[in-house]
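Colleague: Could you show me how to read a few features of this model, taking the general idea before the case at hand?

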Amino acid sequence: MRKPYRKVVVGGTFDRLHLGHKALLRKAFEVGKYVYVGLTSDEMIRNKPYADKILPYELRLADLLKFFEVNGYTNYRVIKINTAIGFADKIKSLEAIVVSEETYKGALIVNRAREEKGLKPLDIVTIKLVKSRIGSKISSTLIRAGLIDPFGNPLKKKD
């Protein structure tokens, strides 16, 4: 199957790799021949909810690499990022950015930064949020809070 883009970018913290992350990453590999993955640095995540429970960069990277290996993905590069824009305003040959409905505004910020540097804006490929079994989206925050597992199943409260 022919992929619509040569080079795409996707980014995130990818803590507790869950079904939503996997859907996002699968979409990136589905539409791009080569995928650049921006993985947030430990410094960048200090103000996130339950930041003290976020896995360190090296563990998050290992989880990503394992996911790529299991799925047979080989055409990628993971780059540590320290800002929301990361490297997306520096690589001229990027053609698209893959985001969720929730992170769509981030893609607009990336495109503004690219245009300010004279680069072509990226096509924005958006996926729907993956819902948990408790009704809300599957998120690392809910997993870190002990409310759901990475598959979106509710966790039993410990007495």
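Colleague: Where is Leu122 placed, and is Leu122 buried or exposed?

Modeller: Please note that this is a predicted model, in which local features need pLDDT of at least 70 and side-chain atom pairs count only at pLDDT 80 or more, while totals for chains, interfaces and linings use all residues. Residues are numbered from 1 along each chain as its sequence is written, and side-chain values use heavy atoms, with hydrogens and water left out. Helices (H or I, at least four residues) and strands (E, at least two) are DSSP runs numbered from the N terminus. Leu122 lies in the loop between H3 and E5. Buried means under 20% relative accessible area, exposed over 50%, and partly exposed in between, with a 1.4 Å probe and protein chains only. Leu122 has a relative accessible area of 4%, so it is buried. Its C-alpha is 8.6 Å from that of Val8, although 114 residues separate the two in sequence.

Colleague: What is the strand order of the open sheet, and which strands stand at its edges?

Modeller: In general, strands of a sheet pair through backbone hydrogen bonds, either parallel or antiparallel. Two strands are taken as paired if DSSP finds at least two bridges between them. Here 5 strands form an open sheet in the order E3-E2-E1-E4-E5, with parallel pairing. Strand E3 (76-81) and strand E5 (123-127) are the edges; each has a single partner strand, so one side of each lacks a neighbour in the sheet. On average, neighbouring strands of this sheet are turned by 25 degrees against each other, direction ignored; axes are lines fitted to C-alpha atoms, for helices over the stretch in contact, and angles run from 0 to 180 degrees between N-to-C directions. Strand E4 (residues 96-100) pairs with E5 in the parallel sense over 5 bridges, and Ser100 stands opposite Ile127 in E5.

Colleague: How should I read ring contacts, and how many aromatic pairs are there?

Modeller: A pair of aromatic rings is described by the distance of the centres and the angle of the planes. Rings of Phe, Tyr and Trp (its six-membered ring) pair if their centres lie within 6.5 Å; planes under 30 degrees apart count as stacked, over 60 as edge-to-face and the rest as tilted. By this rule there are 9 aromatic pairs. Phe68 and Tyr73 make an edge-to-face pair, at 6.4 Å centre to centre and 65 degrees between the planes. Both Phe68 and Tyr73 are buried. Phe68 also forms a tilted pair with Tyr76, at 4.4 Å centre to centre and 50 degrees between the planes. Phe68 has a relative accessible area of 0%, whereas Tyr76 is partly exposed at 23%. Phe29, Phe67, Phe68, Tyr73 and Tyr76 form one aromatic cluster.

Colleague: What is the phi of Phe14, and what is that of Arg16?

Modeller: Most residues other than glycine have a negative phi, and most peptide bonds are trans. Phe14, not a glycine, has a positive phi of about 50 degrees, and Arg16 likewise has a positive phi, near 50 degrees. Phe14 is found in the loop between E1 and H1, as is Arg16. Phe14 is buried, with a relative accessible area of 2%, whereas Arg16 is partly exposed at 27% relative accessibility.
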